[in-house]
Amino acid sequence: MNTSPFHIYSKARELAGFVNDDELLIAAFASSDIGIYPYQIAAARFALHSPYLKGVILADEGSLGKTFEALLIATQRWYEGKNRQLLVLPPNLTRQWTEKIERYFTLPYVLIDTEQAFVAVAESADNPFDQEALIVTTYDFAVEKAECIGRIAWDLAIFDEATQLSKSHTAENRTAAMLKQATIGAFRLLLTPTPITGSIMDIYGLLHFIDETILPDEKDFYDRYFRKPENYAELSGWVSHYCFRTLKSQVAEYVNFTDRIPYTADYALTPDEKALYEMLDAYLSQPRKLAYPKMERYDLTLMYYHTLSSSAQALCRTLDGAISRLEEMRSPDFQGLIDKEKRQLIDIRACAGQVTVSGKMTALLAILKKCFSRLGQIGAERKALIFTDNKVTQRVLRNLLAENGYPGVVTYSGDNGRDYSVIERFRNDKTVQILLATDEAAKGLDIEFCPVVVNYDLLYNAVELEQRITRCHRQGQQSDVLVVNLLGKENFADVRILELINKRVSQFDSIFGLSDAIVGNFDADLDDLLSRLRPHGTIAETFRQNLAEHKEQNLQLVEATEQSIFTTFTKEVADRIALTPEYLEDKIEAVQRELWEVVRWYFADYNHTCGEERYTIDEDAKTITFRDDEPSLPELFYYWSGSRNRPYRSLRQYGMAPDFKPHQGRITLAGILGRHVLDEVCCAGRGTLTVDAELEPCTIGFYAVTVAPKGTPGEWPYFVFAGRTESGAQLTDAECRAIMALPTVDFTEEKVAENSRENYNSRIFTVGTPQRPDRLDTLVSTEECIARRLSERDSALAEELGAMKRRTAVAKTGLEREVTALNARIRVAERELTEASDRLGKIQADKRLKVLQHELRKREDSLFLDRMRLDLQLEQEAEAFVAGQQLTASVARHYIIDVKGKI
């Protein structure tokens with residue numbers, strides 16, 4: 001059937017308009033090649049649900065795919081024309097992120113993370129960061145180039161592993177301060193599975209980085225929540241307005257997570273180690289240690305025993321530093337004590353040197369042997385990720401493993417943290433069975449092919465231990481994961497670590513939730529635990545049965561993830577805007593068909609206006625190929641690069657397939673070609689259409705209705721049809737669409753330009769230009785569009801009004817703090833009056849007390865009025881805000897066509 005320019009134009013406009021609430025994310029998913037999960041929809045919608053938010057934290061448990069969620073948000077904003085986008089990463093994650101962009105998305109990106117890359121890009125731009133692309137950079141380089149970054153009005157700034165911004169409220173965090181200043185005005189998207197690592201103040205710092213106006217006073221926050229588990233539920237409710245978290249346990253019904261099996265193994269000390277422990281204990285028990293004049297005994301004991309737990313060789317290095325300090329000391333009064341302590345440390349050093357293989361190392365070798373045997377039996381990868389927190393120990397273990405039948409060992413630490421080839425070797429080389437890593441590998445990296453994680457050196461921070469484990473226990477893991485924790489009951493530091501792990505797990509779980517155990521199965525039978533590791537086929541079959549069992553729940557987004565999704569949405573709003581994966585998949589399939597139809601028509605029309613077939617259109621393969629006999633490719637259109645309009649030079653070939661290469665040639669809604677073809681397609685303002693059906697002649701108009709508060713720029717319009725039959729009957733939008741869907745026999749356009757590419761855009765295109773009024777114009781219902789926009793904004797308006805109330809509560813707390821401080825000073829003055837021993841002292845103390853009491857009465861009198869003033873201010877602010885949301889609608893006619901049936 002023929003396709004008219006009117007049909008193509010309508011499709012193009014509507015394909016460019018998936019930004020309203022009930023269609024949000026259709027464009028993003030249609031421009032990516034990732035699985036569609038309900039919680040990903042929920043996380044992205046949470047971030048996009050309100051135009052008033054300055055940013056959010058996505059804090060899904062590790063391995064749930066925050067990268068994909070962030071890129072969905074970036075793609076949606078890109079599609080909407082918000083193209084100033086910045087992505088800031090730790091250096092070791094740049095390769096992983098760019099590979100995911102390349103493989104799954106069609107976002108153009110530029111990696112600028114070194115001076116060389118900066119200079120290379122600067123050759124074609126005044127400011128290399130000012131480009132129509134997602135700018136990918138690292139934290140260190142972003143700080144170095146903060147002045148350049150700060151000159152750009154960013155639409156979106158994404159920060160991965162955002163815990164390093166958690167001290168943004170303190171003066172010492174230069175990185176957070178500079179990046180916050182450089183991205184003023186941007187919507188800040190912070191990604192971290194662990195919003196709290198060090199203390200409860202971490203979440204305060206992250207929110208401070210996003211929007212400090214939403215926060216209570218730092219001291220009030222600290223006093224209210226620090227080590228106050230009884231207030232954690234309250235804190236969780238408050239944080240949920242700005243932080244979204246999905247737990248693995250909440251999505252297990254439709255995401256294939258394998259089992260995690262923790263194993264905490266004790267190890268026996270060798271005789272040499274026992275002797276070393278006794279010597280070390282004798283040293284630490286001394287009341288004075290000149291090598292450590294400022295360290296408390298407790299802290300020094302933890303440090304030494306934790307180092308010894310890692311390896312005797314690491315302890316030797318620590319002792320060498322202490323001995324060197326003592327050798328540099330010169331004091332006639334204390335020289336005897338200095339020499340005595342030095343000899344004592346030298347003796348401990350000599351004893352440590354005798355410990356070549358520790359009991360912990362022997363335990364590791366025995367565990368690996370059993371693990372690899374079982375992994376071979378079930379057909380799983382014979383690989384293990386071993387974490388140490390000491391590079392000396394890392395080197396010792398590498399040699400030990402090589403001597404005991406594991407020649408394929410690679411190491412990863414701060415020394416080679418940007419060398420992603422280490423991870424690739426571990427992934428792809430069957431002979432490389434073990435990766436020895438420091439915590440450089442604990443954040444962000446995907447090592448989902450490895451089924452064994454060994455915490456050789458335990459950490460005090462349970463949250464960071466969880467990050468280690470989720471390198472392997474994550475989406476995409478095909479095997480059950482054994483987590484081995486080596487813990488010596490005879491080591492003071494190991495026992496203390498276990499206590500701290502349990503405390504931190506309790507705190508974090510109370511606020512954000514954890515799905516899996518970090519430690520457990522103490523001294524269990526390893527053979528019994530290994531027997532629980534399942535073959536791949538069993539895991540896959542269990543998941544298939546699980547999907548079948550929970551099929552009905554998984555069809556409903558709200559029911560499937562109700563606890564994690566709508567932290568700020570009401571249930572009524574949730575029901576109205578719910579998008580199921582099934583709906584999205586069907587819609588995306590229809591979108592891809594229509595996009596192909598528009599792009600195909602665009603290039604066919606290009607051939608027609610050029611008078612020759614310059615592009616070959618393959619309907620079956622969904623590809624468009626420029627002719628081989630022409631060496632130079634044409635410029636198809638101009639696009640805004642960020643600083644100026646640039647010509648877009650065609651590629652040799654374009655295609656619709658998800659795996660189409662080159663990557664930038666894939667046709668998607670958010671790709672450069674797709675976006676600009678939708679903008680370039682045009683039609684005449686009037687014409688005729690003949691359809692293959694019997695119907696009463698009618699007139700149909702296509703309109704854009706823009707709804708916005710009075711006096712503000714319009715948002716993305718709604719596109720509607722209006723029509724009238726020859727006899728005068730009004731046609732609804734749905735009836736007009738049904739007529740437009742009928743097979744087209746013929747069409748005409750008024751005042752079509754001459755048949756040349758140069759004059760292509762001189763078609764009569766009426767948007768934004770004066771038009772003759774038409775009686776059809778009066779049929780467009782603006783009231784329906786206004787009601788729809790109000791309905792979409794309900795939750796965002798309610799959330800912003802709630803934020804106003806929270807800010808007022810913060811201000812009231814500040815007022816009350818002054819009264820609290822005065823009361824504290826009065827108590828001190830009363831105590832001084834009671835304790836004064838002479839008449840003059842009592843008179844002076846009484847005078848100070850009376851002055852403070854007078855000041856308190858004045859402050860209490862004004863406090864009532866100040867509270868009333870804040871309440872009145874809130875009421876006025878809320879009224880002004882609501883009044884400012886009074887919407888008006890403007891209507892722009894795009895075309896009118898006369899339609900008749902086939903004669």
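How many bridges join β14 to strand β15? Four bridges do so, and the two strands run antiparallel, with β15 spanning residues 623-626.

Before we go further, a word on the ground rules. This is a predicted model, in which local features need pLDDT of at least 70 and side-chain atom pairs count only at pLDDT 80 or more, whereas totals for chains, interfaces and linings use all residues. Residues are numbered from 1 along each chain as its sequence is written, and side-chain values use heavy atoms, leaving out hydrogens and water.

Let's start with the whole chain. It has 33 helices and 24 strands; these are DSSP runs numbered from the N terminus, helices being H or I with at least four residues and strands E with at least two. Of its 903 residues, 56% count as buried, meaning under 20% relative accessible area with a 1.4 Å probe and protein chains only. The chain exposes about 39,800 Å², of which carbon and sulfur atoms supply 50% (Shrake-Rupley method, 1.4 Å probe). Among contacts (heavy atoms within 4.5 Å) between residues at least 6 apart in sequence, 76% join residues at least 24 apart.

Now back to the strands. β14, β15 and β18 form, in that order, an open sheet with antiparallel pairing; two strands pair if DSSP finds at least two bridges between them. Its edge strands each pair on one side only:

| Edge strand | Residues |
|---|---|
| β14 | 615-618 |
| β18 | residues 653-655 |

Neighbouring strands of this sheet are turned by 10 degrees against each other on average, direction ignored. Within the β14 and β15 pairing, threonine 616 has threonine 625 of β15 as its bridge partner. Helix α29 (residues 581-610) lies across β14, β15 and β18, running at about 150 degrees to β14. Such angles run from 0 to 180 degrees between N-to-C directions, with axes fitted as lines to C-alpha atoms, for helices over the stretch in contact.

Terms used. Buried means under 20% relative accessible area, exposed over 50%, partly exposed in between (1.4 Å probe, protein chains only).
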